[in-house]
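Got the viewer open and a selection box ready? Here is a walk through one model, stop by stop.

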Amino acid sequence: MLRTRSLPVDGSRLRRLAPLALPTAWGAVAVAWKFGCPLARQPGLPMRIATSVVFLTVGIGLVLGLRHGLVRELARARAVAAATQRVLLRPPPARLDGLALAAGQLSASRGAVVGGDLYEAVATPYGVRIVIGDVRGHGLAALGAVVAVLGSFREAAHDEPELGGVLRRLERALERHLRERARDEHPARADAEPEHPAAEEFVTLLLVEVRADGRLAILNCGHPGPYRLGQRVERLPVGDPLPPLGVLPLPVGLVPYAAARLLPGETLVLYTDGAEEARDHRGRFFALDAALAGVPGEAPAALVRRVQAALLRHTGGRLADDIALLVVRNDRVRVPAQPAEPGLRRPRPAPSTHC
């Protein structure tokens, strides 16, 4: 059993060392020729040139072999990062309970495919519930908070009948993550409860519930409000903002803002603040509302791609913060009122007997 398990390890080591085998053998032959062959020790310019060419060729072979190994390791790392993104920040389904969805993210960290932004959409018995958020900071350092919030949302969205209950579950999950991180950073205080763990880390987020009739319930924790695309582009009101998670405790009463609707054919665009705060080389902010005023009824995936391309053109590819976009279009059919069948008459009201 032990020998069988050791074979793949030895095989992988041999595969990694294979690009260096030929240059190493060539170098051994060159060294043996230099010090063991009488012709190589003869004076003269031609012999020196030949010796230099041999050693230069060996050096180039070694460099190319090492580069080939590094390229393969980089390809493996990118494949692992892509798989992590698909599990952690998985793309929403194209259709969900009569809604068309699409999402995309741009990371400010060079070479990273995940960052400090988060989003998710799930169909529940209470409606389609959506979260989009932004962890303070960006890049790989914010992944722990992203994992805590998304993992809690995917469970709480199905379990909690009220949207306020979902938000409280997210708050508790983030608090646990911050306490555990504080203990890891200060192991000497592991037996004591931190007074304010990781006080500088917080999460702004937006919770949205799209009900069957298009009514929206929204809870906003310091996050920018979404845009609604219909006859025109308008910023959707979201009610009084709550504090970001991790800054202050949530108030006792959590009443969602419920005065907005998403009618059939209308589109809701949720985003993180990096989209509106992106600047060009002159310091001008990106006009997100103007970029959204494109093709009426545009498919969500096409809208995400178009806005991302506009952002990269505006910034020249140099993003200062992570950017996430989540687009939801209401494709539910509005059922018209059914006319009465021919030949059927409504009953007349009985005549009044009062004087």
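Start with charges: the structure, which is a predicted model, holds 15 salt bridges. Three of those pairs get a stop on this tour.

**Stop 1: Glu120 and Arg154**

Select Glu120 and Arg154 and show their side chains. They form a salt bridge, with 2.6 Å between the closest N and O atoms. The pair ties together distant parts of the chain: Glu120 belongs to strand β3 (residues 117-124) and Arg154 to helix α3 (residues 143-159), 34 residues apart.

Now turn on a surface. Are these two residues buried or exposed? Glu120 has a relative accessible area of 3%, so it is buried. Arg154 has 19%, which is under the 20% cut-off, so this residue is buried as well.

Before moving on, add Arg90 to the selection. Arg90, Glu120 and Arg154 are linked in a network of salt bridges.

**Stop 2: Glu209 and Arg211**

Next, pick Arg211 and Glu209. Here the closest N and O atoms of the salt bridge are 2.9 Å apart. Check each partner on the surface: Glu209 is buried at a relative accessible area of 5%, whereas Arg211 is partly exposed at 24%.

**Stop 3: Arg232 and Glu234**

Go on to Arg232 and Glu234, whose side chains meet in a salt bridge of 3.4 Å, N to O. Arg232 is exposed, with a relative accessible area of 56%. Its partner Glu234 is partly exposed, at 22%.

**Stop 4: the aromatic pair**

Leave the charges and look for rings. How many aromatic pairs does the structure hold? There is one. Select Tyr227 and Tyr271: their rings are stacked, 5.8 Å centre to centre with 25 degrees between the planes. This pair also links distant parts of the chain, since Tyr227 sits in strand β7 and Tyr271 in strand β10, 44 residues apart.

Bring the surface back for a moment. Tyr227 is buried, with a relative accessible area of 7%, and Tyr271 counts as buried too, at 0%. Keep both strands in view for the next stop.

**Stop 5: helix α7**

Colour residues 300-315, which make up helix α7. The helix has 16 residues and reaches 23 Å from its first C-alpha to its last, close to the 22 Å expected at 1.5 Å a residue.

Show the side chains of Pro300, Leu303, Val304, Val307, Gln308, Ala310, Leu311, His314 and Thr315, which are buried. Then turn the view to look down the axis. Where do those buried residues fall? They lie within an arc of 160 degrees, so they line one face of the helix.

Rotate to the face turned away from that buried side and you meet the exposed residues Arg305 and Arg313.

What covers the buried residues of α7? The cover includes the two tyrosine-bearing strands from the previous stop, β7 (227-229) and β10 (267-271). Also among the covering elements are β2 (99-106), α5 (274-277), α6 (288-292) and β11 (323-330).

Step just past the end of the helix to Gly316, which takes a positive phi of about 65 degrees.

**Stop 6: strand β2 and its partners**

From the cover of α7, pick out β2. Seven of its eight residues are buried, so the strand is largely enclosed by the rest of the structure.

On one pairing, β2 runs antiparallel to strand β1 (residues 95-96), joined by two bridges. Put a label on Arg95 and find Ala100 in β2, which stands opposite. On another pairing, β2 meets β11, again in the antiparallel sense, over eight bridges. For a landmark there, take Leu101, which stands opposite Val328 in β11.

**Last stop: the turn at Asp97**

Finish in the hairpin that β1 and β2 form, with two residues between the strands. Select Asp97, which lies in the loop between β1 and β2. Which residue type would you expect to be missing here? Asp97 has a positive phi of about 55 degrees although it is not a glycine. On the surface, Asp97 is partly exposed, with a relative accessible area of 47%.

Methods. Residues are numbered from 1 along each chain as its sequence is written. This is a predicted model: local features need pLDDT of at least 70, side-chain atom pairs count only at pLDDT 80 or more; totals for chains, interfaces and linings use all residues. Side-chain values use heavy atoms; hydrogens and water are left out. Helices (H or I, at least four residues) and strands (E, at least two) are DSSP runs, numbered from the N terminus. The expected span of a helix is 1.5 Å times one less than its number of residues. Buried means under 20% relative accessible area, exposed over 50%, partly exposed in between (1.4 Å probe, protein chains only). The arc is that of the directions from the helix axis to the C-beta atoms. Contact means heavy atoms within 4.5 Å. Two strands pair if DSSP finds at least two bridges between them. Rings of Phe, Tyr and Trp (its six-membered ring) pair if their centres lie within 6.5 Å; planes under 30 degrees apart count as stacked, over 60 as edge-to-face and the rest as tilted. A salt bridge is a side-chain nitrogen of Lys or Arg within 4 Å of a carboxyl oxygen of Asp or Glu.
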